[in-house]
Amino acid sequence: MNRGAAGFLLAGVLLGSAMPAANAGDKPPAPSGSSAVQKSSAPAQATDQFIVKFKPSAASSAAERGKTYSKAGRATSIDVKEVKTAAGGAKVVKATHRLNAEESKSLLQNIAADDNVSSVEPDILMQPTSTPNDTYYSRQWALSDPNVGIRVPAVWDRTTGAGQVVAVIDTGITAHSDLNANVIAGYDMIADPATSGDGDGRDPDASDPGDYRISGACGSASTSNSSWHGTHVAGIIAAVANNGEGVSGAAPGVKIEPVRALGDCGGYLSDISDAITWASGGAVTGVPANGNPAQTINLSLGGTAACSATLQAAIDGAVSRGSAVFVAAGNENQLASNSTPANCNNVITVGATNQSGSRASYSNFGPAVDIMAPGGDTGAGILSTLNAGTTTPGAETYGYMMGTSMATPMAASVGALMKAADPTLTPAQIKTKLEETARPLPGTCSGGCGAGLVDASAAVVYPPAPAAPLSPIAAKAASLNGALGAATTGEVNGLKDNGAYQCFEHGCILYSPASGAHVSAGAIRDLWAATGFEGGALGYPTTDEVGGLRDGGVYQNYQGGAIIWSPATGAHVSTGAIRGEWAATGFEGGRLGYPTTDEVGGLRDGGVYQNYQGGAIIWSPATGAHLSVGAIRSIWASTGFESGRLGYPTSDEYPTGNDGSVAQNYQGGVIHVGPNGAYIS
């Protein structure tokens, strides 16, 4: 239908009109094909990897390079580690987490300021870039001209919309070699055979039989040829790109789901509402479920009316299911609030601009308009796929149309590209981001043109990649909130059992898969070092230091035992059977108190002892571990300890009466102590 023609009050009318078709005989030369180019490495570009060339004095010294990294890390709170050596000898370093642009700049500047560094540059990611080789691409000013177009070429290197489905609710679709590959099954939602144009009601065939009119039809005294409006709209969105022919869609990686709701005289609101519901994955009575719900819905249609409750309910349902609904503002050069569905809630209403970037002469305007997109105007329309038939489908061709019908799929394409880049975006977020990133019209606008001209280069943004998971050591360090001070080494791997460590100003963190990551510091660390670190009998720490013990004591457990420290006794190792016996007495809270020595070996028959504040524990292979305390210990000492005639204890002390008498068994006898004295038996 020509621009400005009136429709029924509750019927949709096409919001685009035809211009002369492009002829196959006047194809311009094809633009050059794709090529790889390096993107700008501006200082503010985000990267988490840098190429550092050191001066000769530091290039061969890991310690000097480590000082450089630590200094930069302290200044920026960003740790780095070397990941490889480049061919020229430069070191490639990588931050331990993903950086934003400002963090990248700060880290680069701090590394560059170090006296050891000769040069540093961001190790940027590069991407291929391309220009479509479609024959008529140069005529697609809405795509190719960055001044007045929607700037989609700037994002095609990142996404063309693959994985997205865009429902075009329109006149249906005709076969076209420049479009077929991107069309999936749709549905004919026109219920009335009298207005469907194909002689039947609703069915799975969404093909366009033609919407031509003869005089007297639809209340019109004139005749009109078939518009092939749905084919034109679909091509704007998803014509196949880089196939050496025809045009390119604005989002050539999406799939078009044609939903036929406009017939000979337009489309009834009830059919259009059901089409919206079905396209978005909702249930429509008598119609099979849609196996490919559309994330984006394009409605290049409208009627002069208030937004009806039925239509609003269908839109709200679609949005609740995650479908963004793009609608045409209308072509009457009036307030868009007079047109439906432009005046409905939960839609993205699109006005049209011309090739100079001004509001198109016909485009509706006002507060109901959300954004603008190229829709063409007299002399410079929007080129897309079309059909040459005047009534029923004929040969495929290309042609120009103009209208908010053309602007809407431009904006919908950008919405689909946004969703492809960030599938988490909701319809409301897509609308908000389109408005926030729109740019002022290059030309003029009177009456209100929403947020401005849609700008894909700003709107299509991949969400930040999830931060690389912290290593166990880095996670442990982060949990300490800087308590250990600045790092003095990087993470050092290759320890026993796949362990690693990193040292800081006030201690180190040790990690192994079996023991986890734990802090090692102070006197307890010094004693652990004396045992051979993780290679010694204690192995890796299995806890951090645990305080709150009696008299200000602290302990730390290890795979092979523990180290216990108190201000009065210092740090000592506690392991094995002797530790088991000490535990039975109540550890430092029992009668023995804290250990005052480590285990002392070299005794007769392989024996070992450990002294405590309140006595000792003695162990031998033949007798096991037993306490030695008080008066009985003194008597045993007088006999020569384990080297005397009594040998090793074979029991702990035990009571022998109600008067406080006790005894302890030994290999060579028994020591008795009571109120009346002591004796050996």
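Trainee: How many disulfides does the structure hold?

Mentor: Three. Keep in mind that this is a predicted model. To call a disulfide, look for a pair of cysteine sulfur atoms within 2.5 Å. One of the pairs here is Cys307 and Cys344, with sulfur atoms 2.0 Å apart.

Trainee: Which parts of the chain does the pair Cys307 and Cys344 tie together?

Mentor: Find each cysteine among the strands and helices. Cys307 sits in the loop between strand 14 (301-304) and helix 9 (309-320). Cys344 sits in the loop between strand 16 (339-340) and strand 17 (348-353), so the bond ties together parts that are 37 residues apart in sequence.

Trainee: What is the handedness of the disulfide between Cys307 and Cys344?

Mentor: Read the torsion about the S-S bond. For Cys307 and Cys344 it is about 100°, so this disulfide is right-handed.

Trainee: Is Cys344 buried or exposed?

Mentor: The cut-off for buried is under 20% relative accessible area. Cys344 has 8% relative accessibility, so Cys344 counts as buried. Cys307, with a relative accessible area of 23%, is partly exposed.

Trainee: Which cysteine is joined to Cys445?

Mentor: Cys449, with an S to S distance of 1.8 Å. The torsion about the S-S bond of Cys445 and Cys449 is about 95°, so that disulfide is right-handed. Cys445 is partly exposed, at a relative accessible area of 35%, whereas Cys449, at 7% relative accessibility, counts as buried.

Trainee: Which residue forms a disulfide with Cys503?

Mentor: Cys508 does, and the sulfur atoms are 2.1 Å apart. The S-S torsion of Cys503 and Cys508 is about 95°, so the disulfide is right-handed. Cys503 is buried, with a relative accessible area of 13%. Cys508 also counts as buried, at 5% relative accessibility.

Trainee: Now a helix. What span should the twelve residues of helix 3 have?

Mentor: Work from the rise per residue, then check the ends. At 1.5 Å a residue, helix 3 (residues 101-112) should span 16 Å. The C-alpha atoms at its ends are 16 Å apart, so the two figures agree.

Trainee: Which residues of helix 3 are buried?

Mentor: Ser104, Leu107 and Ile111. These buried residues cover an arc of only 70° around the axis, which puts them on the same side of helix 3.

Trainee: What covers the buried residues of helix 3?

Mentor: Look for heavy atoms in contact with them. The cover includes strand 4 (49-54), helix 2 (62-76), strand 5 (80-85) and strand 7 (117-122).

Trainee: Which residue caps the N-terminal end of helix 3?

Mentor: Asn100. One of its side-chain oxygens lies 3.1 Å from the backbone nitrogen of Glu102.

Trainee: Next, strands. Which strand forms a hairpin with strand 32, with two residues between them?

Mentor: Strand 33 does. When you read a pairing, note the sense and count the bridges. Strand 32 (residues 662-666) and strand 33 pair in the antiparallel sense over five bridges. One partner to locate is His672 in strand 33, which is bridged to Ala663.

Trainee: How many bridges join strand 33 to strand 34?

Mentor: Four, and strand 33 runs antiparallel to strand 34 (residues 677-680). Here too there is a hairpin, with two residues between strand 33 and strand 34. His672 stands opposite Tyr679 in strand 34, and in the other pairing His672 is the bridge partner of Ala663.

Trainee: How many of the six residues of strand 33 are buried?

Mentor: Five, so to put it plainly, strand 33 (residues 669-674) is mostly covered.

Trainee: Turning to single residues, where is Asn331 found?

Mentor: In the loop between strand 15 (324-328) and strand 16. For a residue in a loop, check the accessibility as well as the location. Asn331 has 4% relative accessibility and counts as buried. Its side chain makes a polar contact with the side chain of Thr404, at 2.7 Å.

Trainee: Which residues are in contact with Ala458, leaving aside its neighbours within four places in sequence?

Mentor: Lys433 and Thr437. Ala458 belongs to helix 12 (residues 456-459) and is partly exposed, with a relative accessible area of 29%. Compare separation along the chain with distance in space: Ala458 and Thr437 are 21 residues apart along the chain, and their C-alpha atoms are separated by 5.6 Å.

Notes: Residues are numbered from 1 along each chain as its sequence is written. This is a predicted model: local features need pLDDT of at least 70, side-chain atom pairs count only at pLDDT 80 or more; totals for chains, interfaces and linings use all residues. Side-chain values use heavy atoms; hydrogens and water are left out. Buried means under 20% relative accessible area, exposed over 50%, partly exposed in between (1.4 Å probe, protein chains only). Two strands pair if DSSP finds at least two bridges between them. The expected span of a helix is 1.5 Å times one less than its number of residues. The arc is that of the directions from the helix axis to the C-beta atoms. Contact means heavy atoms within 4.5 Å. A polar contact is a pair of N or O atoms within 3.5 Å; within protein, one must be able to donate a hydrogen and the other to accept it, and residues adjacent in sequence count only if both atoms are side-chain atoms.
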